[in-house]
Amino acid sequence: MKVLITGMSGTGKSTALHLLRLRGHRAVDTDTDTWSQWVTLPDGSPDWLWREQAITNLLSSHNKGNLFVAGCKTNQGRFYPLFDHIVLLSAPAETLLARIATRTNNPYGKRPEERDAVLHHLTTVEPLLRATATVEIDATPPIENVVQQLEELAEPLPCSEGDRPVSEGLVNNPFCGGVLQLGRGMENQVADPGMQHVGLEQP
């Protein structure tokens, strides 16, 4: 199972990956030079994008166990067909800002202009991520709860007879397939106009 964990800065993606790795899963944080690179866009602005060949090789070569990949990049939508799940971690603005202010593993968000950018992305970029995600997880509870949900998603329990699709493509049990149709076929919305020039996550 290949799972992308995405979301705004401060939702706990890196911490979730760390715990998943401790539990024996393969976990890759793409906010390193190995997986991402700075590029100059046509308007002259910089953007921190996935290295497409590296990500393609990572996803196409994985064929055993669970692979959790974390990131929030302008070009990530191009790779959605290679994932089994696109998981959006979300939390209220006040939670994100509080975590960013106290975290020690990432300096991004300490400056006022970076905090303003986080709030801007929350209103402009997160809706695009939500539209193309297969599952959304509330990241406000303790991170152990989030990790448990990620593990359950990668190794879902059998569906019960009562798990039937309801309106807007959702099901009573979100791990039983109905929500997997939400946003499929919309990959280019994330890869192209809606997230251009945002520099979502920076090393």
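Begin by selecting Arg103, which is buried at a relative accessible area of 19%, where buried means under 20% relative accessible area, exposed over 50% and partly exposed in between, for a 1.4 Å probe and protein chains only. The model is a predicted one, in which local features need pLDDT of at least 70 and side-chain atom pairs count only at pLDDT 80 or more, while totals for chains, interfaces and linings use all residues. Residues are numbered from 1 along each chain as its sequence is written, and side-chain values use heavy atoms, with hydrogens and water left out.

Arg103 sits in the loop between helix H3 (93-102) and helix H4 (112-124); helices (H or I, at least four residues) and strands (E, at least two) are DSSP runs numbered from the N terminus. Show the side chain of Arg103, and follow it to the backbone oxygen of Asn106 at 3.4 Å. Then display Ser9, Gly10, Tyr108 and Lys110, which Arg103 touches when residues up to four places away in sequence are not counted, contact meaning heavy atoms within 4.5 Å.

Next, colour the sheet. It is an open one of 5 strands in the order E2-E5-E1-E6-E7, with parallel pairing, and two strands count as paired if DSSP finds at least two bridges between them. Strand E2 (26-29) and strand E7 (135-138) stand at the edges with a single partner strand each, so one side of each has no neighbour in the sheet. On average, and with direction ignored, neighbouring strands of this sheet are turned by 25° against each other; axes here are lines fitted to C-alpha atoms, for helices over the stretch in contact, and angles run from 0 to 180 degrees between N-to-C directions.

Select strand E1 (residues 2-7) together with strand E5 (residues 67-70), which pair in the parallel sense over 4 bridges, and find Ile5 opposite Ala70 in E5. On turning to E6, one finds 5 bridges joining it to E1 in a parallel run, with Val3 opposite His85 in E6.

How many residues of E6 are buried? In E6, 6 of its 6 residues are buried: His85, Val87 and Leu89 point one way, and Ile86, Leu88 and Ser90 the other.

From E6, move on to E7, with which E6 pairs in the parallel sense over 4 bridges; Val87 stands opposite Val135, and Leu89 has Ile137 as its bridge partner. Side chains alternate along E7, where Val135 and Ile137 point to one face and are buried, whereas Glu136 and Asp138 point to the other and are not.

Now add the helices that lie across the sheet. Helix H2 (residues 52-61) lies across E1, E2 and E5 and runs at about 160° to E5, while helix H6 (residues 143-154) lies across E1, E5, strand E6 (85-90) and E7 and runs at about 160° to E7.

Stay with H6, whose buried residues are Val146, Val147, Leu150, Leu153 and Ala154. They cover an arc of only 120° around the axis, which puts them on the same side of H6, the arc being that of the directions from the helix axis to the C-beta atoms. These buried residues pack against E1, helix H1 (13-22), E5, E6 and E7.

Finish at Asn145, which is also in helix H6 but is partly exposed, with a relative accessible area of 38%. Draw a distance from its C-alpha atom to that of Ala16, 129 residues apart along the chain, and the separation is 9.7 Å.

Technical notes
A polar contact is a pair of N or O atoms within 3.5 Å; within protein, one must be able to donate a hydrogen and the other to accept it, and residues adjacent in sequence count only if both atoms are side-chain atoms.
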